[in-house]
Amino acid sequence: MLSPVSLSLFSFLILLLLRPPLSSRAQSPLLSTNAPPPPTVCIIGSGIGGSSVAHFLRRYSSDPFSIQIFERNGVVGGRMATVNVSGDIFEAGASILHPKNFHALNYTEFLDLKLKTPSSSSDSFSLGIWDGKKFAFKTLRVRSELPFVDKIVSLANSVLMFLRYGFSLLRMGTFVESTVDSFLKYYGSFESRPVFETVDGMLQWAGLYNLTTRTLQEELVDAGLSPLLIQELVTVITRINYGQSVYISGLAGAVSLAGSGGGLWAIEGGNWQMAAGLINRSDAALHLHEEIESISYLGEYYELNSTLGNSYTCDVAVVATPLDESNIQFTPQISIPKRKLQHTHATFVRGLLNPGYFGLDAVSEIPELVGTIEDPDLPFSSISVLKQHGEKDMTYKIFSRKPMADILLDSIFSVRQETIRINWGAYPHYNAPEVFASFILDGRHLYYVNAFENAASTMETSGVAAENIARLILSRFFNQLPLTSANMSSDSDGQLLDLDL
């Protein structure tokens, strides 16, 4: 007779023999390994371009896919960065936005960010044009807490400008508005906007391409602007906004002039918050302090290798950082037009300007914004007051093409409490006629957001290029049907897609 223990063991063995093999049993869908993993989109760069690509991919598609973003620095934002000067936070990179920068305005509403008006866009902010020996032109400087006084000063300065430059000011405004109107086509309905594989095609469609084939100087002469206005005011603006002369390409020059108008704004606490918020809301995996050193196409996917020794497999790779000074190695090699970056040296000083440097008797006589004409002997492009702490205590920002040495700063300033220097590879060195890299670098799924920078480099143009890249990826890789305004009138957060322009 079998013992109870033997009987139990015998029954267990019988059950094992009668049980079907594992391979013939239906597996739980939760345990199935047959379904391929969702595609991965890898984005190199966490500035406004990279974060915008992630944002628009999520906003325009409900397909499952993952997003990986790689940033070599310890913070996001790229060329949108802030600087701390004696406890005060100021924009160190991309600083201002235009009232018709609709992507940026949408980001701000979407992320519930707060807008502010930069002090330099105040109607009563005084301007002086320095030629190295004297102020060739100055507006009035009157500071008042009374709004009506500011309005009177602003009106008086407008009269002074008109007396010096005449109707050329109106012609300049017409030239800028015409360019802005063409640019607004990029915000139209999906039905009216193709998806572009090349920058050339994108510019030709909007009627902007010809502006990249000629210099700003040529465009403004044809528009009827006086030589004095071009030599003085226009030059001041292009030196401040792009660190270059009026011989930059016409489109970049028009964008630069648009950035000197009214209604300019920024984000309270720093423009970098747009990039941070978009990345966070895009459910992207962010890799800080991780620089990508190589991108290789291996037949069906891309392999990204980082300086930390990590490898990543990606179905789509997006380069959202300028390749001009990058060390990324591509296999197979890619070919893009050679381009040089224009470096702008931003120097922040807490202290007090020396009026004697400008041939003046008092600091109060120095305009709040000192711009310069095109002269290789001038050591700076501009000096502007960021904040007045007291009658003899201010924070200034200096733009220059070369580093500002201490001995030079000591001649310009009578007092320096704190000095911070930042060297930006800020934007392309524009040279008409411009030649553009393609948005698609290898004919497959390697994309380049910054190809558009040769047309113009701003936060908003990066957003426009990124939106086009996102649509390219969705149509070419995901085979998504063309978007329509009807099915994309709003996203899950209620953010409007199209704007009444």
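Is His 445 buried or exposed? That gets worked out in Exercise 1, after two ground rules.

The model is predicted, so local features need pLDDT of at least 70 and side-chain atom pairs count only at pLDDT 80 or more, while totals for chains, interfaces and linings use all residues. Residues are numbered from 1 along each chain as its sequence is written, and side-chain values use heavy atoms, with hydrogens and water left out.

**Exercise 1. Place His 445 and describe its surroundings.**

Step one is the location: His 445 sits in the loop between S19 and S20. Helices (H or I, at least four residues) and strands (E, at least two) are DSSP runs, numbered from the N terminus.

Step two is the cover. His 445 has a relative accessible area of 18%, so the residue is buried. The cut-offs: buried is under 20% relative accessible area, exposed is over 50%, and partly exposed lies in between (1.4 Å probe, protein chains only).

Step three is the company. Skip residues up to four places away in sequence, and His 445 touches Tyr 302, Asp 315, Val 316, Ala 317, Arg 476 and Phe 477. Contact here means heavy atoms within 4.5 Å.

**Exercise 2. Get an overview of the protein: what does the secondary structure come to, and what percentage of the residues is buried?**

Start with the elements: the protein has 12 helices and 20 strands. Next, buried residues make up 50% of the 501 residues. Then look at the contacts between residues at least 6 apart in sequence: 73% of them join residues at least 24 apart. Finish with the outside, where the accessible surface is about 23700 Å² and 55% of it belongs to carbon and sulfur atoms. Those areas come from the Shrake-Rupley method with a 1.4 Å probe, and for residues only the protein chains shown count as cover.

**Exercise 3. Explore the largest nonpolar core, using Met 274 as a way in.**

First, the term: a nonpolar core is a set of buried Ala, Val, Leu, Ile, Met, Phe, Trp, Tyr and Cys residues joined through side-chain atoms within 4.5 Å. The largest one has 144 residues, and Met 274, Ile 295, Leu 304, Val 318 and Phe 358 touch the most other members. Helix H12 (residues 459–476) gives the most to this core, with 9 residues.

Now zoom in on Met 274, which belongs to helix H10 (residues 272–281). Its relative accessible area is 1%, so Met 274 is buried. Leaving aside neighbours within four places in sequence, its contacts include Ile 48, Met 80, Leu 97, Tyr 107, Thr 108 and Met 459. Thr 108 is 166 residues away along the chain, yet the C-alpha atoms of Met 274 and Thr 108 are separated by 6.9 Å.

Val 318 has its own set: beyond four places in sequence, it touches residues including Val 41, Ile 43, Val 53, Tyr 447 and Ile 473.

For background, nonpolar side chains tend to be buried together in soluble globular proteins.

**Exercise 4. Work out how H5 and H9 pack.**

Begin with H9 (residues 250–258), where 8 of the 9 residues are buried. Those buried residues pack against helix H5 (168–183), helix H6 (199–206), helix H7 (216–222) and H8.

For the geometry, the axes of H5 and H9 come within 9 Å and cross at roughly 110°. That makes H5 roughly perpendicular to H9. Axes are lines fitted to C-alpha atoms, for helices over the stretch in contact, and angles run from 0 to 180 degrees between N-to-C directions. Angles under 35 degrees count as roughly parallel, over 145 as roughly antiparallel, 65 to 115 as roughly perpendicular and the rest as oblique.

At the contact, Met 172, Phe 175, Val 176, Thr 179 and Val 180 in H5 meet Gly 250, Leu 251, Ala 254, Leu 257 and Ala 258 in H9. By class that gives 8 nonpolar, 2 polar and no charged residues. Ala, Val, Leu, Ile, Met, Phe, Trp, Tyr, Cys and Pro count as nonpolar, Asp, Glu, Lys and Arg as charged, and the others, Gly among them, as polar.

**Exercise 5. Track down the unusual backbone spots: which peptide bonds are cis?**

Take the bond from Thr 331 to Pro 332: it is cis, with omega near -10°. Pro 332 lies in the loop between strand S14 (329–331) and strand S15 (341–353). The bond from Ala 432 to Pro 433 is cis too, with omega near 0°.

Then check phi. Ser 86 is not a glycine, yet its phi is positive, about 55°. At 36% relative accessibility, Ser 86 counts as partly exposed. Asn 479, in the segment after H12, also has a positive phi, near 55°. Asn 479 is exposed, at 60% relative accessible area.
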